[in-house]
Structures are given as structure tokens and as C-alpha cells.
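Work through the following exercises with the sequence and the model side by side, and try each task before reading its solution.

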Amino acid sequence: MKRIGIMGGTFNPVHKGHLALARAAQEHFALDEIVFIPSGTPPHKAAGKVLNKEERYAMVKLAIKGKKNWSASRLELDRPGYSYAIDTFATLKKLYGRRAKLFYIMGLDSITELLDWKKPLELFKLCEFIVGTRPGTRLRTFRRLVKFPPLQKEVDKIHLMELKEDVSASEIRAKLKAGKPVGRLLPAAIAAYIKVKGLYR
Ligand code: ATP
């Protein structure tokens with residue numbers, strides 16, 4: 001059975017933190033493939049504040065270009081309405097059936113919001129979770145989350161992993177807006193793409 005890691009996110013823009021997260025998940029959990037699925041219309045981000053989905057998708061494709069067994073999917077971009085993880089994983093499950101075990105890769109800040117998602121407990125029937133922590137993040141909220149009774153029996157499907165890359169897309173956007181350098185936080189091709197297209201000014 002194939003082990004497939006799913007990297008969901010807004011990728012506004014894709015950065016070195018995302019790539020480090022995917023790489024670490026692949027290494028630690030022996031994943032055969034990584035699929036990046038940029039969200040079309042993220043339900044948790046203010047409408048109109050997120051860069052056009054085709055630009056975000058183009059940057060993801062560029063960031064993973066030439067990386068073996070990594071791909072980008074248009075699944076959420078081409079589905080109308082808000083992008084809910086439960087719908088995406090239901091589709092993936094139909095697509096792969098018993099041929100694959102799915103791992104949802106994300107940062108700690110995302111999983112601590114799990115209970116606000118659409119049908120969060122249903123997700124545990126479709127995938128396991130690989131969760132990366134940024135340097136210095138505290139686990140208090142996470143501990144509170146996994147004490148929630150319906151989640152207690154699912155805890156063994158949540159795998160934590162420590163990461164060293166302390167970067168977020170919001171930090172990058174703020175820096176770009178202020179005209180500060182971001183080269184250290186982004187793959188070179190993405191920094192160049194943003195510059196040429198004049199994005200996030
Ligand atoms: P923003 O700052 O706009 O919220 P982000 O980079 O945190 O952006 P997404 O683009 O949605 O958010 O990221 C996709 C996933 O990658 C999220 O689950 C996020 O928690 C995780 N992630 C992003 N950067 C890191 C990092 N440096 N370490 C660990 N996880 C990360």
C-alpha cells in the first residue's frame with residue numbers, strides 16, 4: 001500500500017517552511033509521494049485578501065519542479081465553493097481506495113483549529129495527521145485539543161514532528177509590502193516570480 005502525504009494550504013505564497021515540512025514528513029514517515037493541494041477559496045481566510053488561486057498554484061508548481069514524487073493537484077482549485085478538507089479527502093479516498101494510506105501534513109497552528117472545521121471527526125476515518133511544530137511553539141492548546149473526549153480515541157493518528165524552519169506566509173507578505181528582503185525565506189524561483197509579477201506590493 002502506498003503512503004501518500006497531502007500538503008494542504010493557502011500557499012500565499014509557498015515558502016521554505018512548506019518545503020521543509022513536506023520534506024521532513026516524507027523522511028520521518030516514509031511517504032512514497034507528496035501531493036500539494038492549494039486551497040481554492042479557504043473558508044478561514046478573509047475573502048478578497050488571498051492572492052488569486054492561479055498565481056498561488058503557479059508558484060507551488062514552480063517550487064516543486066523537478067522534485068521526484070512530488071506533485072501539485074488542482075482538486076480544490078477546480079471545485080466550486082469553499083475548500084473543505086473533508087470534501088478533498090473524501091474525493092482522494094474514492095480515487096485511491098485501498099491502494100493508499102493518506103497522511104494529512106500540516107503545522108501545529110492548523111491542527112489546533114481542527115474543531116472549527118467541517119466534520120472534523122470524520123477526517124480521522126480518511127487519514128492520519130502529521131503535524132510539524134515551528135521553533136518555540138507551545139503545545140498547551142494542542143494538549144487541550146486532544147483531551148476533548150471524542151478525540152481521545154484518535155490521538156494515535158496524530159503524529160508530531162519538530163521543525164526548525166521559523167517562517168510563515170504572513171511574515172513574508174508583510175516584509176514584501178514593506179519592501180524588506182525575503183530571499184532567505186523563499187526558494188529563489190519563487191522570489192524571482194514574485195518580483196517579476198510585482199505581487200504583494
Ligand atoms: P499564513 O501565515 O498566511 O497563515 P502559512 O504559511 O502559515 O500562512 P499555509 O500556506 O496555509 O499557512 O500553510 C500550509 C500549512 O503549512 C499550514 O498547516 C501551516 O501550519 C504549515 N506551515 C507553514 N509554515 C510552516 C513552518 N515554518 N513550520 C511548520 N509548519 C508550517
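**Exercise 1. Find which atoms of Ala-169 lie 3.3 Å from an oxygen atom of the ligand, and then describe the other backbone contacts and the cover that the protein gives to the ligand.**

Solution. In this predicted model, begin with Ala-169, where a backbone N or O atom lies 3.3 Å from an oxygen atom of the ligand. Next, turn to Gly-107, which places a polar backbone atom 2.9 Å from an oxygen atom of the ligand, and then to Val-167, whose polar backbone atom is 3.0 Å from a nitrogen atom of the ligand. Finally, consider the surface: the ligand taken alone exposes 610 Å², and the protein buries 92% of that.

**Exercise 2. Describe the shell around the ligand by its residues, its classes and the elements that supply it.**

Solution. First, locate the ligand, which sits in the largest pocket. Second, list its surroundings: 21 residues surround the ligand, and the closest are Asp-109, Ser-110, Arg-134, Glu-165 and Ser-170. Third, sort the shell by class, which gives 6 nonpolar, 10 polar and 5 charged residues. Fourth, assign the shell to elements: strands E1 (2-9) and E4 (100-107), together with helices H1 (16-28), H4 (108-111) and H8 (169-177), each supply at least two residues.

**Exercise 3. Decide whether Leu-77 is buried or exposed, and place it in the chain.**

Solution. Start with the position, since Leu-77 lies in the loop between strand E3 (70-72) and helix H3 (85-96). Then apply the cut-off: Leu-77 has a relative accessible area of 2%, and because buried means under 20%, Leu-77 counts as buried. As a last step, look for a partner that is distant in sequence: Gly-40 is 37 residues from Leu-77 along the chain, yet the two C-alpha atoms are 4.1 Å apart in space.

**Exercise 4. Examine the backbone at Pro-13, Ala-30 and Tyr-200, using the peptide bond for Pro-13 and phi for Ala-30 and Tyr-200.**

Solution. Keep the general expectation in mind, namely that most residues other than glycine have a negative phi and most peptide bonds are trans. The peptide bond from Asn-12 to Pro-13 is cis, with omega near 0°, and Pro-13 belongs to the loop between E1 and H1. Ala-30, in the loop between H1 and strand E2 (33-38), has a positive phi near 45°. Tyr-200 also has a positive phi, near 60°, and is found in the segment after helix H9 (188-197). To complete the picture, Tyr-200 is classed as buried because its relative accessible area is 14%, which is under 20%.

Key. Residues are numbered from 1 along each chain as its sequence is written. This is a predicted model: local features need pLDDT of at least 70, side-chain atom pairs count only at pLDDT 80 or more; totals for chains, interfaces and linings use all residues. Side-chain values use heavy atoms; hydrogens and water are left out. A residue is near a molecule or strand if one of its heavy atoms lies within 4 Å of it. A polar contact is a pair of N or O atoms within 3.5 Å; within protein, one must be able to donate a hydrogen and the other to accept it, and residues adjacent in sequence count only if both atoms are side-chain atoms. Accessible areas come from the Shrake-Rupley method with a 1.4 Å probe; for residues, only the protein chains shown count as cover. On a 1 Å grid over the protein atoms alone, a cavity is a set of points where a 1.4 Å probe fits but cannot get out, and a pocket is an open set with protein on both sides within 12 Å along at least five of seven lines; lining residues have an atom within 4 Å of a point. A molecule sits in a cavity or pocket if more than half of its atoms lie within 2 Å of its grid points. Helices (H or I, at least four residues) and strands (E, at least two) are DSSP runs, numbered from the N terminus. Ala, Val, Leu, Ile, Met, Phe, Trp, Tyr, Cys and Pro count as nonpolar, Asp, Glu, Lys and Arg as charged, and the others, Gly among them, as polar. Buried means under 20% relative accessible area, exposed over 50%, partly exposed in between (1.4 Å probe, protein chains only).
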